[in-house]
Amino acid sequence: MGYGISCREQGRTPKSVPVGEAAVLDADTVASVVLRIRRFIGENDRVRPIELGLGQSLVRKVNRLRGRHCDDVDRTPVGGLPYEMAVPAVDFHERHPRVGPAVKRGLLTTVILCCLAMLGPGLYGAVESNGHYSWPFSGWMWLVSYYGTVLYLLAASSLDPKRNRARLLRWWAFALVWSGWYVGMAHQTSAWTAQPAFEWIFVVQTPVLAKFLLCFLGGRYVYEEMSRRRRLRAAYPDGVPEGA
């Protein structure tokens with residue numbers, strides 16, 4: 001330690017601190033070492049407020065003036081204090097880890113289905129008001145294409161092995177739900193009036209989007225599965241193992 005002090009007195013930065021052979025750090029001496037380190041930090045800590053934060057810097061200055069230099073060893077248990085009110089719920093979750101995700105998926109599916117059911121009359125009115133009877137779709141068929149697209153996107157996102165694409169499919173589904181809520185509630189209540197251009201695009205393009213997804217996305221999945229099996233057959237010419 002003296003070597004480090006002499007270096008600072010000479011204006012140089014010490015590169016190492018020599019430790020004597022008799023200085024042993026073990027379970028019997030670690031408490032005293034921690035106590036000395038805490039005392040040294042409490043007495044010599046001069047971190048600038050811009051680095052530490054103004055509030056914490058003021059607390060340290062007040063504690064230093066009051067003579068509190070972090071002399072006490074922290075006795076907090078490893079991991080922190082237990083939250084007794086949450087112990088039964090966490091114990092149940094650890095014993096049955098699949099229950100939580102299943103309940104979450106079930107609640108989310110129920111909420112989405114309830115929202116879609118509530119939007120039915122308003123969306124049917126939006127289709128009728130835009131006068132698109134020239135389609136092979138009636139108003140009811142439009143609802144089938146809309147609901148089918150949302151449910152197909154959600155089902156595909158839950159089964160897609162690629163996370164980025166699954167996330168994108170979920171965003172598409174939620175965008176359709178939000179758009180349907182905006183347009184359907186405008187026709188079902190007097191809370192607001194849907195923007196005419198947005199409503200027209202939504203009503204006209206939803207069947208187009210449904211056909212595109214069924215053709216492109218479904219075909220893409222078929223192509224990727226065929227490619228995967230072709231690679232497996234090339235990797236295992238004597239027979240593909242079961243479950244591969």
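This is a short guided tour of a predicted model, with a suggestion at each stop for what to select next.

**Stop 1: the whole chain**

Start with the protein chain in cartoon view and colour it by secondary structure. You will find nine helices and zero strands. Following the sequence from one end to the other gives the pattern α-α-α-α-α-α-α-α-α. If you then colour by accessibility, buried residues account for 23% of the 244 residues in the protein chain.

**Stop 2: a nonpolar patch on the surface**

Select Leu25, Val30, Val33 and Ile37, and switch on the surface. Together these residues make a nonpolar surface patch of about 330 Å². Now pick out Ile37, which you can find in helix H2, residues 30–44. Is Ile37 buried or exposed? Its relative accessible area is 45%, so Ile37 counts as partly exposed.

**Stop 3: the second largest pocket**

Rolling a probe the size of a water molecule over the atoms shows where empty space is left. With a pocket display turned on, go to the second largest pocket, whose volume is about 360 Å³. Its lining is made up of 13 residues, and those closest to the centre are Leu108, Thr109, Leu154, Ser157 and Ser158. Select these five residues as sticks to centre your view on the pocket.

Next, show the elements around the pocket. Two or more lining residues come from each of helix H6 (99–129), helix H7 (139–159) and helix H8 (163–188). Which element gives the most to the lining? That is H6, with six residues. Colouring the lining of this pocket by class gives seven nonpolar, three polar and three charged residues.

**Stop 4: helix H7 and its long-range partners**

Stay with helix H7 and select Gly148, which is located there. Gly148 has a relative accessibility of 36%, so it counts as partly exposed. Add Leu214 to the selection and draw a distance between the C-alpha atoms: Gly148 and Leu214 are 66 residues apart along the chain, and these atoms are separated by 9.9 Å.

Then move to Ala156, also found in helix H7. At 10% relative accessibility, Ala156 falls in the buried class. Its partner for this stop is Tyr221: the two residues are 65 apart along the chain, with 9.7 Å between the C-alpha atoms of Ala156 and Tyr221.

For one further pair, select Thr206 and Thr149. Their C-alpha atoms are separated by 8.5 Å, while the residues are 57 apart along the chain. Thr206 has its place in helix H9, residues 196–235. Is Thr206 buried or exposed? Thr206 is buried, with a relative accessible area of 4%.

**Stop 5: salt bridges**

Side chains of opposite charge can pair when their charged atoms come close. Within a cut-off of 4 Å between nitrogen and carboxyl oxygen, the count is six salt bridges.

Begin by selecting Lys162 and Glu224, which form a salt bridge whose closest N and O atoms are 3.6 Å apart. Lys162 sits in the loop between H7 and H8 and Glu224 in helix H9, so this pair ties together parts that are 62 residues apart in sequence. Lys162 is partly exposed at 45% relative accessibility. Glu224, in contrast, counts as buried at 19%, because the buried class covers values under 20% relative accessible area.

Keep Glu224 selected and add Arg220. The side chains of Arg220 and Glu224 meet in a salt bridge with an N to O distance of 3.1 Å. Both residues lie in helix H9, four residues apart, which is about one turn of the helix. Arg220 is partly exposed at 37% relative accessibility.

Still in helix H9, select Arg229 and Glu225. Their side chains meet in a salt bridge at 2.8 Å, N to O. What separates Arg229 and Glu225 in helix H9? They are four residues apart, so about one helical turn lies between them. Arg229 is partly exposed at 48% relative accessibility, and Glu225 is partly exposed at 28%.

To finish, select Asp160, Lys162, Arg165, Arg220 and Glu224 together. These residues are joined into one network by salt bridges that share partners. Glu224 is a handy place to centre the view, with salt bridges to Lys162 and to Arg220.

Technical notes. Residues numbered from 1 in each chain as written. Predicted model: local features only at pLDDT ≥ 70, side-chain atom pairs only at ≥ 80, totals over all residues. Heavy atoms only, no water. 1 Å grid on protein atoms, 1.4 Å probe; cavity = no way out; pocket = protein on both sides within 12 Å on 5 of 7 lines; lining within 4 Å. Points joined across faces, edges and corners; volume = space filled by probe spheres on them. Nonpolar A, V, L, I, M, F, W, Y, C, P; charged D, E, K, R; others polar. Patch = residues over 30% accessible without salt bridge, like charges linked within 9 Å, V, L, I, M, F, W, Y side chains within 5 Å. Areas by Shrake-Rupley, 256 points an atom, 1.4 Å probe, with all protein chains shown as cover. Buried < 20%, exposed > 50% of the residue type's maximum accessible area, 1.4 Å probe, protein only.
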